[in-house]
Amino acid sequence: MRAYLASADDASARPEHDAARTERAGGLDRYRLFAARDPRALLGLEPRRRWSVEQLTALVADRCGATPTPLPPPPGLGEAGWRIDPGRTVAALAAFADVLASAVRRRAPVLLGTGRPHALLGFYGMLASALAGAGCRVLTPREGRGVEVPGAGGKRPFALSSVRGVALVHEIGLPCAPGAPGAPCRSPLPLRVTLADLAARGEGLPELVIGDHGWLCGAGQLGLDAVGPAGVSDPAPFVAEAEGTVGVVIPLHDTVARSHYLPLTRYVLNQARLSQ
């Protein structure tokens, strides 16, 4: 993968310049919230042990191959950042591809969901198409099913939908920009509602969940096999991986332009032998 990326003519397609580039740690706010077991930072995870902010920063730094931010954080931390080692991203992508290949061999039903559709929809959409083409049943939520997610200003109403075989949400009551794929949502509630609907419709549960944020951590907490990407701003997926609640977590920046994930997606599909 390193050689493949290094040989690319377009430097903006290399993980050193995009998906594995420096990501701001956001002042460690989510680390502090996670250490306090605030649901906003747990993403549906119920940690098996107590984690201090220092332990969380050390864990994420180890998983991402980065130097941990000093504690207490220095002034202007929001302008500092951690650089994800591309080698860690590549290694996780290879392990992720093995999981996909195993699902294909079993013809496993798969659910893909994202709380970052503006960035990651293309990544998941290509995976969904390849898995369906290989004989896996790609599960999707009931269109328009409502779910209320607690937020800073009270509960926010969302509606479940799917785009290109990928589950996501749209916020109800707000104007939607033309072509917008969905709304950002970190909560595990859309996953839980989707699973309940699948069971009620007699479609059964997925054997594998591929997703991020609440889709990833929420699925693992419920005992489902779950894999997906995570950025350094959220310690929850890395804790879930360390505690064995989820499988593979891919360290990468999850808010860059969709086109930057294309080389990573192609690599995964090639490794899993799912390329068309």
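**Strands, pockets and a few odd residues**

Strand β9 is mostly covered, with 5 of its 5 residues buried. In this predicted model, the β9 side chains can be sorted by direction: A226, G228 and A230 point one way, V227 and P229 point the other way, and all of them are buried. That back-and-forth fits a general pattern, since side chains in a regular strand alternate between the two faces of the sheet. The strand itself spans residues 226-230.

What lies on either side of β9? On one hand there is β8, which pairs with β9 in the parallel sense over 2 bridges. Within that pairing, I210 stands opposite V227. On the other hand there is β10, joined to β9 by 3 bridges, again with the strands running parallel. Here A230 of β9 has P251 as its bridge partner in β10.

Strand β8 (residues 208-211) tells a similar story about burial. L208 and I210 sit on one side, V209 and G211 sit on the other, and all four are buried, so both faces of the strand are covered. Besides pairing with β9, β8 is joined to strand β3 (residues 110-113) by 4 bridges, and these two strands also run parallel. One of the contacts in this pairing links L111 to V209, its bridge partner in β8.

The connections between these strands go through helices. From β8, the path through helix α8 (residues 213-221) to β9 makes a right-handed β-α-β unit. The next step, from β9 through helix α9 (residues 236-242) to β10, makes a right-handed β-α-β unit as well.

Helix α8 holds a residue with an unusual backbone angle. H213 lies in this helix, and its phi is near 50 degrees, a positive value in a residue other than glycine. That is worth a second look because most residues other than glycine have a negative phi. H213 counts as buried because its relative accessible area is 4%, under the 20% cut-off. R164 also has a positive phi, of about 55 degrees, although it is not a glycine. R164 is found in the loop between β6 and β7 (166-171), and with a relative accessible area of 48% it is partly exposed.

H213 turns up again in the lining of a cavity. The count comes to 1 cavity of 30 Å³ or more, and about 30 Å³ of space lies in the largest cavity. Its lining consists of H213, P229, A230, G231, D234, P237 and D254. Two of these, P229 and A230, belong to β9, where they point in opposite directions.

The pocket is another matter. The largest pocket has a volume of about 510 Å³. It is lined by 23 residues, of which P39, R40, V149, P150 and S187 are the closest to its centre. Several elements supply at least two lining residues each: α2 (29-35), α3 (39-42), β5 (146-151), β6 (154-163) and α7 (189-200). Which of them gives the most to the lining? The answer is α3, with 4 residues.

Another histidine, H253, sits in the loop between β10 (249-251) and α10 (262-271). At 9% relative accessibility, H253 counts as buried. Its side chain makes a polar contact with the side chain of T255, at 3.3 Å.

As for cysteines, the count comes to 0 disulfides. Both C64 and C217 are nonetheless tucked away: C64 is buried at 0% relative accessibility, and C217 is buried at 0% relative accessibility too.

Finally, two pairs bring together residues that are separated along the chain. N270 lies in helix α10 and is partly exposed, with a relative accessible area of 49%. Its C-alpha atom is separated by 8.4 Å from that of A97, although the two residues are 173 residues apart along the chain. The second pair involves E143, which is placed in the loop between β4 (138-139) and β5. E143 is exposed because its relative accessible area, 56%, is over the 50% cut-off. The C-alpha atoms of E143 and A167 are separated by 9.5 Å, with their positions 24 residues apart in the chain count.

Methods. Residues are numbered from 1 along each chain as its sequence is written. This is a predicted model: local features need pLDDT of at least 70, side-chain atom pairs count only at pLDDT 80 or more; totals for chains, interfaces and linings use all residues. Side-chain values use heavy atoms; hydrogens and water are left out. Buried means under 20% relative accessible area, exposed over 50%, partly exposed in between (1.4 Å probe, protein chains only). Two strands pair if DSSP finds at least two bridges between them. A crossover is right-handed if, with the strands pointing away from the viewer, the path from the first strand over the helix to the second runs clockwise. A disulfide is a pair of cysteine sulfur atoms within 2.5 Å. A polar contact is a pair of N or O atoms within 3.5 Å; within protein, one must be able to donate a hydrogen and the other to accept it, and residues adjacent in sequence count only if both atoms are side-chain atoms. On a 1 Å grid over the protein atoms alone, a cavity is a set of points where a 1.4 Å probe fits but cannot get out, and a pocket is an open set with protein on both sides within 12 Å along at least five of seven lines; lining residues have an atom within 4 Å of a point. Grid points are joined across faces, edges and corners, and a volume is the space filled by probe spheres set on the points.
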